[in-house]
Amino acid sequence: MSTSAAFHRAIALTEVTTTQTDRAFEAQPQPVPWPKAYGGDTVAQSIAAALRTVDDDRSLHSVHSTFLRGVDVAEPVHYEVEVIRDGRGFSTRHVRGYQRGKLAFMATASFHVPESFPEHAPPMPDAPMPELLRSSAEVLAGSEGADIDYWSHGRSFDMRHVPGAVYIEIEGERTAHQAVWVRSFDRLDDDPRTHQLALAYVCDYTILEPMLRVLGLPWRDDGLVTASLDHAMWFHAPARADEWLLYAQESAAISDGRGLGLGRFYTRDGRLVATVAQEGMIRPGRPL
């Protein structure tokens, strides 16, 4: 059965004693079919830690992250949160994630007291409605393996690709653009912070896929290795992650074994709610 349990477990932090900064928390990476944790796990956990130190009158508007080491799914991550500044309108936090005493991850998160202001954003691209598309489980029906089970049911979110998925083969054109309709399998609570954490959690699953699509490298390509290097995300407006959002993505650049992906989350009625930029390492197992 598909549920959103992995997401809820990922953001369940425990406060612990700190000797380095202002507050400290621990969180457990969620199981995946590979030795290293999913990057969105770490981003969401670091944001959750920062949120625990910020007043309720302000919300997250940006986070900038750097992945330094792979995170082992078998060990908890220790997050140290430094209170950099609390102003009248903005707050800033620096978060460092440690595993086995080594620095694995860093992030700077900024929070803002919401203001009434005019909006402008690029229009949402055209895409078929999610009800007309196959879920990951439907795409992968008939295939077997731990990775198949994970893609089908284990990621807490229903994801439906346009022009097609890139799990076992490249479905659709080898274009630099794709879109994915996403929503959590289960209804989430009404706290806007939960939905921001959900977007931060889910955004890393597919942001490198436009580069894989261009290169003709499905996820199951023999020997393919990818890793998140750095990540930035901006939140423009509130949205529910348990309702369909269109995640429009593109390959901005590929060179030197690295790819830069850009993504935008839109509500079903076309409102831009978040923007993502992420660079990742791509190492194919065969000559390109």
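**Exercise 1.** How do the residues of the lining of the largest cavity divide into nonpolar, polar and charged?

*Solution.* A quick note before we start: this is a predicted model, where local features need pLDDT of at least 70, side-chain atom pairs count only at pLDDT 80 or more, and totals for chains, interfaces and linings use all residues. Residues are numbered from 1 along each chain as its sequence is written, and side-chain values use heavy atoms, with hydrogens and water left out.

Step 1: list the lining, meaning residues with an atom within 4 Å of a cavity point (1 Å grid over the protein atoms alone, where a 1.4 Å probe fits but cannot get out). That gives A6, Q30, P31, V32, Y38, D41, Y150, G154, Y201 and Y205.

Step 2: sort them. Ala, Val, Leu, Ile, Met, Phe, Trp, Tyr, Cys and Pro go down as nonpolar, Asp, Glu, Lys and Arg as charged, and the others, Gly among them, as polar.

Step 3: read off the split, which is seven nonpolar, two polar and one charged.

**Exercise 2.** Find how much space lies in the largest cavity.

*Solution.* Searching the whole structure turns up one cavity of 30 Å³ or more. The largest cavity holds about 30 Å³, a volume being the space filled by probe spheres set on the points.

**Exercise 3.** Check the protein chain's radius of gyration against a compact globule.

*Solution.* Step 1: take the radius over C-alpha atoms, and use 2.2 Å times the number of residues to the power 0.38 as the rule.

Step 2: for 288 residues the rule lands near 19 Å, and the protein chain has 18 Å, so the two agree.

Step 3: add the spans of the C-alpha trace along its principal axes, about 50 × 45 × 40 Å.

Conventions:
1 Å grid on protein atoms, 1.4 Å probe; cavity = no way out; pocket = protein on both sides within 12 Å on 5 of 7 lines; lining within 4 Å.
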